[in-house]
Amino acid sequence: MAAEADLEDLPGVGPATAEKLRDNGFDSYQGLAVASPGELSNTADVGESTASDIIQAAREAADIGGFESGAQVLERREQIGKLEFNIPEIDDLLGGGIETQSITEVYGEFGAGKSQVTHQLAVNVQLPKEHGGLHGSAIFVDSEDTFRPERIDDMIRGLDDEILADVMEEREIEGEPGDDEAMDVLLESFLDKIHVAKAFNSNHQILLAEKAKELASESQEDDFPVRLLCVDSLTAHFRAEYVGRGELAERQQKLNKHLHDLMRVGDLNNTAVLVTNQVASNPDSFFGDPTQPIGGNILGHTSTFRVYIRKSKGDKRVFKLVDAPNLADGEAIMRVQDEGLKPE
């Protein structure tokens, strides 16, 4: 990442403009290089022509935006992390877990277990890589008042003793797995690495995505850099605020911008983006499951991986991979239990 002072080396960027850019999260050449002239013009209060010049200079300085060989793409993809569920059937289905630098969408009806997935992965992302984690922290954008610290406690206590022992040793927590005092200290250390913000409406949710970009960028030199961004749920506010066909175009336009802000967080910071989505019933469906995710083609095309979770008997849930660029569709079974998500 470029030093902050380097922004003033770009054409048309003086001290005042550089300060405005930094205040709005544009503190690196990479961030500027993928901005649009209109976005930068509004942010830095400069003309679109000047904004275009700034972006072009940032692209040259960051050396991005050109073509690269397939071998270079392979080398870059080797940097991608895989965040595991620690449920073998699901991790196999996902090719090793959910990917950083990608958006994974999880949709399903109320009570299917979408929020359980976000909580479980907010725990798992903090685990050492040898235990399926990414040794990172998480950002949790909460639009439906779903985040529960008590659930994080349950899931930590539900980890295998071997994992708990390794994590406690790494974090220099005295005691044994299961010891209440030690587990309380461990819970606090996990919660400290989950950054939660409640979104009150769609505009606030969009703003929080921009703040998440700043937080993720600032964390990259930390011991636990941001490696997971959860939005639960992505579509609730948009669905409630934009009602009827007359407002559909505006809703989709704002949702599209929001998704691209989230994608930028993942791309620039090697972070996995996990969004949950609500569903609607398609009355025209005569065969198969009439449940469909909302958000239309914009969400369908932007999500790298789409997962459908539906209820089964008791605590069983069917985890179905609906779409992925390099993986076959398939299903696996998981259980939603007090101790977290577990194999069948």
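**A tour of strands β6 and β10**

Select strand β4 (residues 137-142) together with strand β6: the two pair in the parallel sense over six bridges. Helices (H or I, at least four residues) and strands (E, at least two) are DSSP runs, numbered from the N terminus, and two strands pair if DSSP finds at least two bridges between them. The model is a predicted one, in which local features need pLDDT of at least 70 and side-chain atom pairs count only at pLDDT 80 or more, while totals for chains, interfaces and linings use all residues. Residues are numbered from 1 along each chain as its sequence is written, and side-chain values use heavy atoms, with hydrogens and water left out.

**Around β6**

Select D142 next; D232 in β6 stands opposite D142. Then show the whole of β6 (residues 226-232), where seven of the seven residues are buried (under 20% relative accessible area, with a 1.4 Å probe and protein chains only). Add strand β7 (residues 272-277), which pairs with β6 in the parallel sense over four bridges. Within this pairing, pick L229 and its bridge partner V273 in β7.

**Around β10**

Move to strand β10 (residues 305-311), which is largely enclosed by the rest of the structure because five of its seven residues are buried. Strand β3 (residues 103-107) pairs with β10 in the parallel sense over four bridges. Strand β11 (residues 316-323) runs antiparallel to β10, and six bridges join them.

Select V307 to see both pairings: V106 stands opposite V307, and L321 in β11 is also a bridge partner of V307. Finally, select the turn of the hairpin formed by β10 and β11: four residues lie between the strands, and G314 in the turn has a positive phi of about 60°.

**The whole protein**

Return to the full view, which holds 14 helices and 13 strands. The C-alpha atoms fill a box of roughly 60 × 60 × 45 Å along the principal axes. The radius of gyration (taken over C-alpha atoms) is 21 Å, which agrees with the value near 20 Å for a compact globule of 344 residues; the globule rule is 2.2 Å times the number of residues to the power 0.38.

Colour by burial, and 50% of the 344 residues count as buried. Among contacts (heavy atoms within 4.5 Å) between residues at least 6 apart in sequence, 63% join residues at least 24 apart.
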